[in-house]
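Grab your viewer and work through these exercises one at a time. Try each task on your own before reading the solution under it.

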Amino acid sequence: MTKIDTSLIVAQNDAHEDALRADYDSLGERLDRCGIDIAALTARAAAFGVAVPSWGVGTGGTRFARFPGRGEPRHIFDKLDDCAVIQQLTRATPTVSLHIPWDMADPADLNAHAEGLELGFDAMNSNTFQDQPGQARSYKFGSLSHTDAATRAQAVAHNIECIELGQKLGSKALTVWVGDGSNFPGQSHFIRAFDRYLEATKEIYAALPDDWHLLTEHKMYEPAFYSTVVQDWGTNYLIATELGDRAKCLVDLGHHAPNVNIEMIVARLIRFGKLGGFHFNDSKYGDDDLDAGSVDPYRLFLVFNELVDAEGTPGLDLSHMLDQSHNVTDPIESLMISAVEVQRAFVQASLVDRTVLSGYQTDNDALMASATLRAAFRTDVEPILAMARLQAGGAIDPVAAYRASGYREGVADVRPAVTGSGGGLV
């Protein structure tokens with residue numbers, strides 16, 4: 001198990017603490033004039049957490065090439081070590097989301113390793129979009145919606161296996177995403193394919209423990225470029241409704257057509273009790289899996305505006321996870337930055353004066369309603385985020401502390417270099 005020496009974090013923080021406290025006190029005075037308690041806001045920031053995807057600590061890739069980075073994790077235990085560093089420095093990522101079979105290991109060993117790193121496990125993720133060594137039947141033409149009943153049964157069995165492993169790890173949710181669809185008109189019968197998917201997913205739902213949720217994920221395209229079985233939030237909502245109360249919709253910010261109003265989708269799913277969680281990332285052209293908040297931070301803020309507005313809604317228990325591909329950056333650095341950006345959007349949304357906003361909405365004052373949101377978004381809450389990290393033993397500047405630690409160089413010395421440039425994500 002590898003973690004960064006706490007004395008280095010303390011030394012790094014000592015160099016920044018005086019400036020942070022000055023900025024924090026100044027912001028506190030400004031917020032106090034608005035009737036906002038900065039200490040309470042800092043506590044909210046500290047209580048917020050987002051899960052790290054185990055696969056995110058490896059170098060990603062495009063459909064055309066992958067350029068391996070130094071010190072890439074060899075297995076799930078290396079991945080957990082990297083995830084622990086992210087949590088150690090940001091104090092915003094206390095859990096890890098596993099992907100099976102990529103992360104298959106003895107549950108006792110997984111629990112012991114995670115406990116030693118002070119990590120927990122979030123939602124389990126199944127994989128029926130790839131063929132694995134020794135797999136009896138191929139998913140080339142689908143999994144849960146495949147025309148072949150034996151192939152569907154194989155996919156169902158895999159998802160149930162994920163549930164059984166997750167129970168031993170303390171997880172409470174299974175996320176199901178399938179790449180099922182078609183690449184040519186006429187290749188697939190739309191209705192029959194969807195019915196097969198529903199039938200198979202009902203078998204998975206029936207295997208859920210009573211305290212678990214099934215999170216179904218929609219994606220507009222890729223790898224199916226003509227039609228996708230679960231292609232949008234409306235289809236996802238129909239699935240969750242058909243399955244039952246413990247079936248919810250997972251929203252990945254990259255899985256929508258350009259310019260789609262994702263925050264309104266979030267509000268609709270909240271209204272009907274079917275929002276289950278998020279995969280946070282960002283996009284410019286499509287499903288780009290860019291770092292959260294790197295392209296459109298205002299959209300991320302607007303999503304959290306809906307979430308903060310809905311706090312206290314009965315049954316609203318959301319899973320938050322990053323889901324990104326890091327092609328040209330150090331994955332640990334990108335995940336740290338993304339975790340902080342998600343936390344930032346949450347804190348900014350917490351600044352919105354909802355009484356004032358509601359009044360403007362009632363009066364149809366479009367200008368001032370919009371200005372109320374922008375005022376919260378423009379507020380620099382970095383001192384709050386940094387103070388929350390400092391108080392929790394994290395780093396005021398996580399990336400600077402990480403680089404000063406030499407962690408990447410250290411693991412590169414013991415983890416064999418990865419070669420090859422095959423396409424596809426990690």
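## Exercise 1: a greasy spot on the surface

F190, I191 and Y226 make a nonpolar surface patch of about 340 Å². Keep in mind that you're looking at a predicted model.

**Task.** Find the helix in which F190 lies, and decide whether F190 is buried or exposed.

**Solution.**
- Step 1: locate the residue. F190 lies in helix α6, which covers residues 190-206.
- Step 2: check the accessibility. F190 has a relative accessible area of 53%, and the cut-off for exposed is over 50%.
- Step 3: conclude. F190 is therefore exposed.

## Exercise 2: into the core

**Task.** Work out which residues have the most contacts inside the largest nonpolar core, and which helix gives the most to this core.

**Solution.**
- Step 1: get the core itself. The largest nonpolar core has 108 residues.
- Step 2: rank by contacts inside it. F280, F304 and I384 come out with the most.
- Step 3: look at the helices. Helix α10 (residues 331-350) gives the most to this core, with 10 residues.
- Step 4: zoom in on I384. Leaving out residues up to four places away in sequence, I384 touches Y24, L27, L31, I38, L41, T42, A45 and V347.

## Exercise 3: placing F377

**Task.** Describe where F377 is found and what F377 touches.

**Solution.**
- Step 1: F377 is found in helix α12, residues 366-378.
- Step 2: skipping residues up to four places away in sequence, F377 touches P297, Y298, F301 and Q348.
- Step 3: the relative accessible area of F377 is 22%, so F377 counts as partly exposed.
- Step 4: for a sense of scale, pick V229. F377 and V229 are 148 residues apart in sequence, and their C-alpha atoms are 37 Å apart in space.

## Exercise 4: three salt bridges, three loops

A quick reminder first: side chains of opposite charge can pair when their charged atoms come close.

**Task.** The structure holds 21 salt bridges. Take K79 with D103, D211 with K172 and D287 with K219, and say which parts each pair ties together.

**Solution.**
- Step 1: K79 and D103. Their closest N and O atoms are 2.8 Å apart. K79 lies in helix α3 (residues 76-90) and D103 in the loop between β2 (95-97) and α4 (107-116), so the pair ties together parts that are 24 residues apart in sequence. Both K79 and D103 are buried.
- Step 2: D211 and K172. These side chains meet at 2.5 Å, N to O. D211 is in the loop between α6 and β7 (213-217), while K172 is in the loop between α5 (149-169) and β5 (173-176), so parts 39 residues apart in sequence get tied together. D211 is partly exposed at 42% relative accessibility, and K172 is partly exposed at 46%.
- Step 3: D287 and K219. Here the closest N and O atoms are 2.9 Å apart. D287 sits in the loop between β10 (275-280) and α9 (297-309) and K219 in the loop between β7 and β8 (227-228), so this pair ties together parts that are 68 residues apart in sequence. D287 counts as buried at 13% relative accessibility, and K219 is buried at 10%.
- Step 4: don't stop at pairs. R74, D78, D82 and R415 are linked in a network of salt bridges.

## Exercise 5: backbone oddities

**Task.** Say where P101 and P223 are found and what kind of peptide bond leads into each. Then check phi for R91, N259 and N364.

**Solution.**
- Step 1: I100 and P101 are joined by a cis peptide bond, with omega about 15°. P101 is in the loop between β2 and α4.
- Step 2: the bond from E222 to P223 is cis, with omega near 10°. P223 is found in the loop between β7 and β8.
- Step 3: R91 isn't a glycine, yet its phi is positive, near 55°. R91 is in the loop between α3 and β2 and is partly exposed, at 26% relative accessible area.
- Step 4: N259 isn't a glycine either, and its phi is positive at about 75°. N259 is found in the loop between β9 (247-252) and α8 (262-271) and is exposed, at 79% relative accessible area.
- Step 5: N364 follows α11 and has a positive phi near 60°. At the start of α11 (residues 354-362), a side-chain oxygen of D353 reaches to within 3.2 Å of the backbone nitrogen of T355.

Conventions. Residues are numbered from 1 along each chain as its sequence is written. This is a predicted model: local features need pLDDT of at least 70, side-chain atom pairs count only at pLDDT 80 or more; totals for chains, interfaces and linings use all residues. Side-chain values use heavy atoms; hydrogens and water are left out. A nonpolar core is a set of buried Ala, Val, Leu, Ile, Met, Phe, Trp, Tyr and Cys residues joined through side-chain atoms within 4.5 Å. Buried means under 20% relative accessible area, exposed over 50%, partly exposed in between (1.4 Å probe, protein chains only). Helices (H or I, at least four residues) and strands (E, at least two) are DSSP runs, numbered from the N terminus. Contact means heavy atoms within 4.5 Å. A polar contact is a pair of N or O atoms within 3.5 Å; within protein, one must be able to donate a hydrogen and the other to accept it, and residues adjacent in sequence count only if both atoms are side-chain atoms. Patches are made of residues with over 30% relative accessible area and no salt bridge: like charges are joined within 9 Å, nonpolar side chains (Val, Leu, Ile, Met, Phe, Trp, Tyr) within 5 Å. Accessible areas come from the Shrake-Rupley method with a 1.4 Å probe; for residues, only the protein chains shown count as cover. A salt bridge is a side-chain nitrogen of Lys or Arg within 4 Å of a carboxyl oxygen of Asp or Glu.
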